[in-house]
Amino acid sequence: MLDLYWVAFKSVFCFLNMCIFVKILSKKGITKIDYRMKNLKERILELKKEKNAVILAHYYQEADIQDVADYVGDSLGLSQEAMKVDADIILFAGVHFMAETAKILNPSKKVILPDLKAGCSLAESCPPEDFKKFTEAHPDHIVITYVNCSAEVKALTDIVVTSANAVKIVNSIPKDKPIIFAPDKNLGKYVMEQTGRKMLLWDGACVVHEAFSLDKLIALYKKNPDAQIIAHPESETHILKTANYIGSTAGMINYVKTNPSNKFIVATEAGILHKMKQEVPDKILIPAPSNEDNTCACSECGYMKMNTLQKVYDCLLNETPEISVPDDIMKKALIPIERMLELSK
Ligand code: 13P
Ligand code: SF4
């Protein structure tokens, strides 16, 4: 009988303790979802250690994913980082072409991507068979491709570029050499304007950067005349014409850090705002509005957002889906990527 009282007392005691604990959590503003997320983040960090893995993430990834990454960067920074990786596994939190580039640079490592369907509209706009015919029709041209393309397209390329080094690399090509530039026609036009070089452009574009609305941007600027407009060069020419600064995602972050202005209208994918807010917490950052009347009044990349924290966890746990590139493509694609890295020094 005494035992029974004792068990009942212990149960009530445990229940009361539990109630106090939940009350403390909710007082601190930790909701059920936050708690689950925190738990998931901690489990990812543990798994990373256990499996000797690193997480490389692009600035467009959701905030929680950026928070568990070892390195967050633009395409150039991510390629440079991928080369240095010492771990056994690279979990690439980004889109397919980025993970593929990491694999090409690091064939002995296991490269995993949380969702294999995380593609890119630019990469898709350049099917390798069509691109091969295009290059064969212009055999005297040097072939420069933006890193946002498949490994097969890179294998047909002389030099790869990113938005951070495209102008510098095109400027390094002898003036008398004709150039094919693919797949982004908007970046291509921008590079032509900056270098004064005429190039043969592939007709590809990024759906996210082509979604910015000029009319809404002008209206927003009229309300915020003290703001600086900054834009990614994948945006259309009429958007770029309004910009005080044009550059890669890393370049844009650096600009808001170093420019004395207090307010910026940011014309690129909205995921970048997470890192920007961390870097300049006291400055005002406004996403450039999209043509669509969406709730965020911004432009988001549906491909980048296919990766979630849960998928990052599952991917690390199961070590799948894994990126694989056929050997012959890997060897051919490595040459123009290495040329880019050399020319970026
Ligand atoms: P960055 O190399 O500037 O990060 O750009 C990558 C990208 O996909 C932009 O849409
Ligand atoms: Fe591709 Fe555009 Fe998404 Fe960048 S933002 S990954 S270019 S679809």
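**Legends: strand E3 and its neighbours in the predicted model**

**View 1. Leucine 91 of strand E3 faces isoleucine 112 in E4.** In this predicted model, the pair of residues belongs to a parallel arrangement of E3 with strand E4 (residues 110-112), which is held by 3 bridges.

**View 2. Strand E1 (residues 53-58) also pairs with E3.** The two strands run parallel and are joined by 5 bridges. Alanine 53 is placed opposite isoleucine 89 in E3.

**View 3. A right-handed β-α-β unit comprises E3, helix H5 (residues 96-105) and E4.** Within this unit, E3 and E4 pair in the parallel sense, and leucine 91 stands opposite isoleucine 112.

**View 4. Strand E3 (residues 89-93) is largely enclosed by the rest of the structure, because 5 of its 5 residues are buried.** A residue is counted as buried when 20 or more other C-beta atoms lie within 10 Å of its own. Both faces of the strand are covered. Ile89, Leu91 and Ala93 are buried on one side, and Ile90 and Phe92 are buried on the other. Of these residues, Ile89 is the partner of alanine 53, whereas Leu91 is the partner of isoleucine 112 in E4.

**View 5. The chain as context for the close-ups contains 16 helices and 12 strands.** Of its 345 residues, 42% count as buried. Among contacts between residues at least 6 apart in sequence, 64% join residues at least 24 apart.

Technical notes:
Residues numbered from 1 in each chain as written. Chains lettered and ligands numbered in written order. Predicted model: local features only at pLDDT ≥ 70, side-chain atom pairs only at ≥ 80, totals over all residues. Helix = DSSP H or I, 4+ residues; strand = E, 2+ residues; numbered from the N terminus. Buried ≥ 20, exposed ≤ 12 C-beta atoms within 10 Å, placed from the backbone. Contact = placed C-beta atoms within 7 Å. Pairing = 2+ DSSP bridges. Right-handed = clockwise from strand over helix to strand, strands pointing away.
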